[in-house]
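Student: I would like to take a close look at a single part of this model, and I would be grateful for a slow explanation with the terms spelled out.

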Amino acid sequence: MKRSLPVGALVALSAAALLASAALPGAASAADDPTAYTRHGEVLNILPPGSHGNVDLPTLVQLGVTNLPNVFSTPSDPKGALATASATNPPNFADQLEMYDALSKTAPGQIDEASLTKYYKDARLGVSDADVVSTETPKPGVTIKRDKFGVPHITGTTFANVEYGAGYANIEDRMFLTDILRHTGAADMAQFVGPTPANIHMDQSQLRIAPYTEAQATAQIAQVATRYGAEGQKLLDGLDAMLEGMNKAQSDLCPLAQQAPPQVGAPGIGFGAKCPAEYAALQKGPTPYTRADIIYIASLVGGIFGKGGGGEAENALWYQQLKAKYGDATARKVFNDLREKNDPEAPTSSPTTQTYGGGGINPTLPGVALIDEKPAATAPGTGSQAAGSTLPIGAPLAHPSYGVIDGPFGPIDLGLKQHGMSNALLVDAKHSSDGHPTVVFGPQTGYYTPQLLVEQDLQGPGVSARGVSFAGTNLVVELGHGVDYAWSATSASNDIVDTVIERLCNVDGSAATVQSTAYLVGGKCTAMEQYNHTETALPNAAGQAQPQQLSFLVLKTRHGVVQLRTTVAGKPVAVVTERSTYNHEVDSAVGFARLQDPSYVHDAKTFQKAVSAIDYTFNWFYTDAKDIGYFSSGLLPNRASGYDWDLPRWGDTAYDDKGFLPFEAHVRAINPSRGYLVSWNNKPAPGFSAADNGWGYGPVYRSLALEDEVKARLAGGGKITRPKLVDAMIAGGTVDVRAKYDLPYVLDVVGTPSDPQDAKAVGLLRAWVKDGSHRLDRARTGAYAHQSAIDLLDVWWEPTAAGATGTFSLPKDVLRGTLGDLVDALPHGLDDHPRAGIGSAFNGVPWYGYVSKDLRQVLGKPVAGRYSRTYCGGGTLAGCRTELRASLHAAVQAALKQETKTDVAALTYDKSKDYIRHVTAGIVGVRGIDWQNRPTFQQAVHFTSGRGGSGGAAAAPAVHTVPQAAPGQLPRTGLGTGLPLAATGLLAAVALVTLRRRTAV
């Protein structure tokens, strides 16, 4: 799943899990009946919109005929009307969406244990005969039974048969989506979908993150198999079995795929009656999967979601701007104030201090390399146009705009970004009503149709688990539950990505320039690894162009992928991104294997040992009938001395990493004394420094909205039940964080303005805060309660984004009295608003904390970790009040003008702006739903019994040790920016072609 996984954000987890389920050879089930502890609803879950995601041409036609009356009710969106799924049509396509949406309609205290199944489905292991809707045996020894929600329950007589079934079921549920993911990871979307500018840009961007040739991708799998001996060989056998199942399912669904040309839009012809309709629309048939394809899918994970860091160049520019205005000493103080690297007020998941990450900025250290603000010359790096390209390829963007697709009928803005809505609420046994832990948790991978996650139940030798996996990597359940325990994760975004500056040279001894493709290693001029990535882009329904040859340059150093060539102090250099997990996308496999194996995980400690083998940066959470647990994973470097972690460093060998953080130095907890664990992508622990690109760990983080709800229910000796914890989650999930945690101080500063409309505005805002600061239409009246206040705050906070005009901005006006125009240069976004349509909101924005801390300082309220100065109004309450009253007045006038109103109480807000809008990864989509800040997969867990003690479980092996890179192998590389999965939505426009042809018949 910024925001995450994508987490939240689970998408990142899949890279590690690709081969995991086979990792422990010969492991036996820890219980005679693995379903014994889940028969009575101990685990409930929800995965909208639905389990089934394939739509063949006959089904598409039937859907269009059924929806035809909607064309008259929605004439502005005929395609949406014809191709929008209902709760029952196609079957299991959007049935869970209605359950998911209904939860935010409940009033506080309304939910009880009996009613939970209105909002979650029973997620027991196995399926009773009475609940089986269909059964198939794709090969002897493999059985796939589907329940009423379409979830596949897969059993195999051997481990290989389980994996075969997992691959087969994945294609049945996510065939076209999985195909899109492998082509995105392989950086050949222009070849698969069409050579539109956006798809070319997408391929360019992926190359800057994880440029693997087919041979390099395949070699990664072989390396893992070799590294783990017998475990590794079984991993390889499991992968091959899964691929066999995937390819067999493709041939069963699309038996005519090798026959050309397909009949676009012709039901039952195309590539086969059951073949997903998107292939006929694209005039492209599916091709067999290979080992390399799984690495390509995994590269999306490692390069986007399971990482943090990589913001050193932006930090350096901000420092240089501060220095130019204030001089070095003051610039450092202001930088450290706003960096919030280790704010003592930051909410943390673990209460125990765990130090990592260094102190304040020091640009004078010898290892720091500050890129010239205005270089005399620059040259592009990886992703730029290479010789032989018949289509022009623009220079890579420093900050790519992901998610905007050039569709055949104009651009489609899918609004893609990294998601971070994953959250976790765990209350221990002591504070739960019946003496057993109570847990609600889940990951966020964004809202897609079909969902990026696929649910499955795997049962066979060495595996017994149910939950979700990233499509195409589902050898195992990556997040879910086992025999008598459950686990989940949130994105931690810890620092595993660095910006490294290599000194350029020429191997022939001539003077280096920014065009040079060699660099210094220990004083020796060494050629970069260099090759061209080529594609042949063919015309199709999504990209109407002549066949073209695309050729992209790829440049790598020993540290990673070259992004740009520029200068430092006038000398030519290469800017390189280094990621600890690059070229090791599947090294975490053993950790996932242990999670799935009930003979390994039998308590919170063995859980921590298992996830310590996962190299991606995630907060892992665990529950069983006795304990709750937490571990923050990641291949975190032990960095060398001599440079600043917040700034780019020289690539000299003296500054290379010195190994990685051991188990004991990771953040972890079991049954913390405060009685609960809460995570919503917030800071892991006190003293654990935020990654260089993470400036949002200040005093205000959205996790407070969840934590406050939990604390309120525990107050006065209260005990938690599962319905109460679900209630706490959804209550926190509709809070406007700015209103709840910033507005009280803002309004205290503003006081009572003399202007009548301004004074009325203050009253409206205070009433909203008093009522809980929710953006909520519980009764579905068509409008939020307190909509006037909501509209006003949106305009006041960021007028341009709210569609208003003006130079005011509440958060900027708080700092402007001291920083002046530099408030516009801060390298971090002003807001994370629900209007983005992706559900996840109010995540990781430093401005929320700036407003709270600075205004508390100016009001004379208690502040821990005070700023070096008070910024608002030049540091005085009188000055701050004058500036904020003027800012409020400007906002009121702008809001009134925007709606042509004269009374601020008459302002309205169209709540549909906040609707969660699913990205359609194909032709058929789903309706928008009311905003709620909530994971896309969620479990509500309450185990009341288990195997107990060690129960004959295997002893945990030694803590995971990171293998050293072989000579010549790139140990750490990669880009730490987001990656567009935007190609998934291009076909929403392509569908219009098919639908128009169909309706014309």
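Student: Which strands does α14 lie across, and at about what angle does α14 run to β13?

Tutor: Before the answer, please keep in mind that this is a predicted model, in which local features need pLDDT of at least 70 and side-chain atom pairs count only at pLDDT 80 or more, while totals for chains, interfaces and linings use all residues. Residues are numbered from 1 along each chain as its sequence is written, and side-chain values use heavy atoms, with hydrogens and water left out.

Helix α14 lies across β13, β15 and β23, and it runs at about 130° to β13. Here helices (H or I, at least four residues) and strands (E, at least two) are DSSP runs numbered from the N terminus, and angles run from 0 to 180 degrees between N-to-C directions, with axes that are lines fitted to C-alpha atoms, for helices over the stretch in contact. Contact itself means heavy atoms within 4.5 Å.

The three strands belong to an open sheet of 10 strands in the order β3-β4-β5-β12-β13-β14-β15-β23-β24-β26, with mixed pairing. Because β3 and β26 stand at the edges, each with a single partner strand, one side of each is left without a neighbour in the sheet. From one strand to the next, the twist averages 20°. Two strands are said to pair if DSSP finds at least two bridges between them. Strands of a sheet pair through backbone hydrogen bonds, either parallel or antiparallel.

Let us follow β15, which covers residues 486-491. On one flank, β14 (residues 479-481) pairs with β15 in the antiparallel sense over two bridges, and these two strands form a hairpin with four residues between them. On another flank, six bridges join β15 to β23 (residues 618-623), again antiparallel. W487 appears in both pairings, for it is the bridge partner of G480 and also of Y622 in β23.

In a regular strand the side chains alternate between the two faces of the sheet. For β15 both faces are covered, with A486, S488 and T490 on one side and W487, A489 and S491 on the other, all buried, where buried means under 20% relative accessible area, exposed over 50%, and partly exposed in between (1.4 Å probe, protein chains only).

The loops beside these elements add to the picture. S599 lies in the loop between α14 (589-596) and α15 (604-611), and it counts as buried because its relative accessibility is 13%. Its side chain and that of D597 are joined by a polar contact of 2.7 Å, a polar contact being a pair of N or O atoms within 3.5 Å, of which, within protein, one must be able to donate a hydrogen and the other to accept it, while residues adjacent in sequence count only if both atoms are side-chain atoms. L475, in the loop between β13 (463-470) and β14, is buried because its relative accessibility is 0%. Its C-alpha atom is separated by 6.8 Å from that of M242, although the two residues are 233 apart along the chain.

Finally, β13 pairs with β12 (residues 453-460) in the antiparallel sense over eight bridges, and V454 has S469 as its bridge partner in β13. E455 sits in β12, and its side chain makes polar contacts with the side chain of R466 at 3.0 Å and with that of N45 at 2.9 Å.
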